[in-house]
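These are my notebook entries on a single structure. I record below what I looked up, in the order in which I looked.

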Amino acid sequence: MPAEHPADAPADRDADVLRRVEGRAGLLTLDRPRAINALTHPMVRALDAALTAWEHDPAVTTVVLRGAGERGLCAGGDIRAIHEDALADGTATAAFWRDEYRLNARIARYPKPYVAFMDGIVMGGGVGVSAHGSVRVVTERSRIAMPETGIGFVPDVGGTFLLGRAPGELGTHLALTGGQIGAADALLTGLADHHVPAGALDALAADLTRLPADEALARHTTPPAPGVLAEQREWIDACYSAPTVEEIVDRLFDSGVPSAKETATTLLAKSPTALKATLAVLRAGRALGSLEAVLDLEYRASCAAVTGHDLVEGIRAQVVDKDRNPRWRPATLAEVTDADVARYFTPPPGGDLGLGPG
């Protein structure tokens, strides 16, 4: 049995990440509750440093990730900072993504159980630091989404890898609409593994400090409340199997299903360029063999977005000015050219991420 760190050792703070070893567990807490723990570059580095320290520490057998506050694990990256940098030259954001995507890949390959408490809001970068883990726990409060198309961006942090492997076309639906899902649908789509009531998370965390992860989970897992995607699967698969975004929208409108028609209207409010780029990246990613290769592709797409118009405009409309009236350019799906989409597949000026096979 490995020697334990002192159970009452105080937490260390590195950036806005609290780090503590208790019993057999390394405990990480994202600690920006006022920002729903949105990730900054120093936070990404702090998480990576903790994983480095614990990977070969025999006293740490399990890593647990939580978010401070009651609102959620993590709302994503700090998009105000991304907006400010994009108005300059985007280089700081590209550097942030380079480290963030490497962290996502590391989490997926981490040799010890990595238990993520996906409670409350878990979006964008929050999905990246949780849904690649080996043990993903959702609660009745979980609201999980990759909402990037609404700000003129493409799902990243390995999001297209995860959604591209969801059953049928459920992942395509979630990637294009940016829709939020709860616990049951997270389990259905493969974004989570276990449901635990939110009120039992503290007890689960305590058990993880003294028991193997599977034994601790067995004490607390319960069935989730029913989701909605299973009953929508028929029209989702039929509509989203279309070859283009335009035809997906047409099928949704023509389906005769009220919720499908509402979804078509939702799509038409998103960035047309982001929609087409997202569909292309998602489908290209399905043919790639690994998360690392998809992260390489997403890095190209992200760097293209940060030097384009729609990401800056989308963040302005949704977060900065909050007028909820983005002026996309091009303004319609028909105006988005093949060359516009091809730009998302072009190596960025700083070079590729280089995670996948060369």
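Entry 1, a histidine in a loop. I located H132 in the loop between α4 (125-128) and β8. The model is a predicted one. I asked whether H132 is buried or exposed. Its relative accessibility is 7%, so I entered H132 as buried, the limit being under 20%. I next looked up its polar contact and found that the H132 side chain reaches the backbone oxygen of V157 at 2.8 Å. Leaving aside residues up to four places away in sequence, I listed what H132 touches: N104, I107, A108, V127, V157, G158, L162 and L291.

Entry 2, aromatic pairs. How many aromatic pairs does a search of the whole structure find? I obtained two. For W97 and F153, I noted ring centres 5.3 Å apart and planes at 15°; the pair is therefore stacked, the cut-off being under 30 degrees. I placed W97 in helix α3 (residues 91-108) and F153 in the loop between β9 (143-145) and α5 (159-164), so the pair ties together parts 56 residues apart in sequence. I checked the accessibility of each partner. W97 has 2% relative accessibility and counts as buried. F153 is buried as well, with a relative accessible area of 6%.

The rings of Y101 and Y299 have centres 6.1 Å apart and planes at 90°, so I recorded this pair as edge-to-face. Y101 belongs to helix α3 and Y299 to helix α14 (residues 291-306); the pair therefore ties together parts that are 198 residues apart in sequence. I found both Y101 and Y299 to be buried.

Entry 3, a charge over a ring. I found the charged end of R343 over the ring of Y344, at 5.6 Å from the ring centre.

Entry 4, strand β6. Why do I describe strand β6 (residues 114-118) as largely enclosed by the rest of the structure? Five of its five residues are buried, which means that the rest of the structure largely encloses the strand. In a regular strand, side chains alternate between the two faces of the sheet. I therefore examined each face of β6: Y114, A116 and M118 are buried on one side, and V115 and F117 are buried on the other.

I then looked up the pairing of β6. Strand β4 (residues 62-67) pairs with β6 in the parallel sense over three bridges, and L65 stands opposite A116 of β6. Strand β8 (residues 135-138) also pairs with β6 in the parallel sense, over four bridges. In β8, I identified V135 as the bridge partner of V115.

Note on methods:
Residues are numbered from 1 along each chain as its sequence is written. This is a predicted model: local features need pLDDT of at least 70, side-chain atom pairs count only at pLDDT 80 or more; totals for chains, interfaces and linings use all residues. Side-chain values use heavy atoms; hydrogens and water are left out. Buried means under 20% relative accessible area, exposed over 50%, partly exposed in between (1.4 Å probe, protein chains only). Helices (H or I, at least four residues) and strands (E, at least two) are DSSP runs, numbered from the N terminus. Two strands pair if DSSP finds at least two bridges between them. Rings of Phe, Tyr and Trp (its six-membered ring) pair if their centres lie within 6.5 Å; planes under 30 degrees apart count as stacked, over 60 as edge-to-face and the rest as tilted. A charge sits over a ring if NZ of Lys or CZ of Arg is within 6 Å of the ring centre and within 35 degrees of the ring normal. A polar contact is a pair of N or O atoms within 3.5 Å; within protein, one must be able to donate a hydrogen and the other to accept it, and residues adjacent in sequence count only if both atoms are side-chain atoms. Contact means heavy atoms within 4.5 Å.
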